[in-house]
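Student: Could we go through this structure together, step by step? I would like to see the reasoning behind each answer.

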Amino acid sequence: MNPNIERLKLIFIAIFAVAIVGVGVWQVGWIIPQKNCEKAKKWWDGSQRVCATPILVSDVTGRVITDAKALAEAKKAIGRPEAAPKPAPKAE
């Protein structure tokens with residue numbers, strides 16, 4: 001067989017193998033951790049490959065969210081479990 005065809009065949013097989021390894025590294029190194037992070041309701045930074053825990057601005061500033069509905073929505077948005085409401089004391 002023509003040696004040029006053999007050489008081209010090996011070059012294309014090598015390029016294909018490198019591309020497959022590249023896609024595998026991309027999936028394992030970036031895509032799978034990103035999906036796991038987003039499933040846990042956290043923030044994914046793809047440039048540094050960091051899964052960060054979101055925090056409420058009220059936690060940083062110390063300001064209290066006075067509206068119960070707004071507080072529940074804010075906690076739901078960052079994936080915090082909502083605390084069970086405290087029962088009112090019984091008047092006897």
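**A walk through the model**

Tutor: Let us begin inside one helix: Lys9 and Glu6 are 3 residues apart in helix α1, so about one helical turn separates them. Keep in mind that this is a predicted model.

Student: How far apart are the closest N and O atoms of Lys9 and Glu6?

Tutor: Side chains of opposite charge can pair when their charged atoms come close. The cut-off for a salt bridge is 4 Å between a side-chain nitrogen of Lys or Arg and a carboxyl oxygen of Asp or Glu. Lys9 and Glu6 do form a salt bridge, and their closest N and O atoms are separated by 3.4 Å.

Student: Is Glu6 buried, partly exposed or exposed?

Tutor: Buried means under 20% relative accessible area and exposed means over 50%. Its partner Lys9, at 43%, counts as partly exposed. Glu6 has a relative accessible area of 29%, so Glu6 is also partly exposed.

Student: Thanks! Where is confidence highest in the protein, and where is it lowest?

Tutor: For the protein as a whole the mean pLDDT is 85, with 87% of residues at 70 or more. Confidence is highest in helix α1 (residues 3–39), at a mean of 95, and lowest, at 80, in helix α2 (residues 57–61).

Student: In what order do the elements run from the N terminus on?

Tutor: Good thing to settle now. There are 3 helices and 2 strands to place. From the N terminus on, the order is α-β-β-α-α.

Student: Why do the rings of Trp26 and Trp30 count as stacked?

Tutor: The two residues are 4 apart in helix α1, so about one helical turn lies between them. Rings pair if their centres lie within 6.5 Å, and planes under 30 degrees apart count as stacked. The centres of the Trp26 and Trp30 rings are 5.3 Å apart and their planes meet at 20°, so this pair is stacked.

Student: Which charged residue sits over the ring of Trp30?

Tutor: Trp30 is partly exposed, at 26% relative accessible area, and Trp26 is partly exposed at 46%. Over the ring of Trp30, 4.6 Å from its centre, sits the charged end of Arg49.

Student: Which parts of the chain are linked by the disulfide of Cys37 and Cys51?

Tutor: A disulfide is a covalent bond between the sulfur atoms of two cysteines. The structure holds 1 disulfide, and the sulfur atoms of Cys37 and Cys51 are 2.1 Å apart. The two cysteines are 14 residues apart and join distant parts of the chain, Cys37 in helix α1 and Cys51 in strand β2 (residues 50–52).

Student: Is the link of Cys37 and Cys51 left-handed or right-handed?

Tutor: Cys37 is buried, at 3% relative accessible area, whereas Cys51 is partly exposed at 38%. With 90° about the S-S bond, their link is right-handed.

Student: Within what arc do the buried residues of α3 fall?

Tutor: In helix α3 (residues 68–78), the buried residues are Ala72, Ala74 and Ile78. Seen down the axis, they line one face of α3, because their directions fall within an arc of 160°.

Student: Which exposed residues are carried on the face of α3 turned away from its buried side?

Tutor: For context, 11% of the 92 residues of the protein count as buried. In α3, the face turned away from the buried side carries Lys69, Lys76 and Ala77.

Student: Last one: which residue follows α3?

Tutor: Look just past the end of the helix for a positive phi, near 85°. The residue there is Gly79.

Terms used:
Residues numbered from 1 in each chain as written. Heavy atoms only, no water. pLDDT = per-residue confidence, 0-100. Phe/Tyr/Trp six-rings, centres within 6.5 Å; stacked < 30°, edge-to-face > 60°. Buried < 20%, exposed > 50% of the residue type's maximum accessible area, 1.4 Å probe, protein only. Lys NZ or Arg CZ within 6 Å of the ring centre and 35° of its normal. Disulfide = S-S within 2.5 Å. Arc of directions from axis to C-beta.
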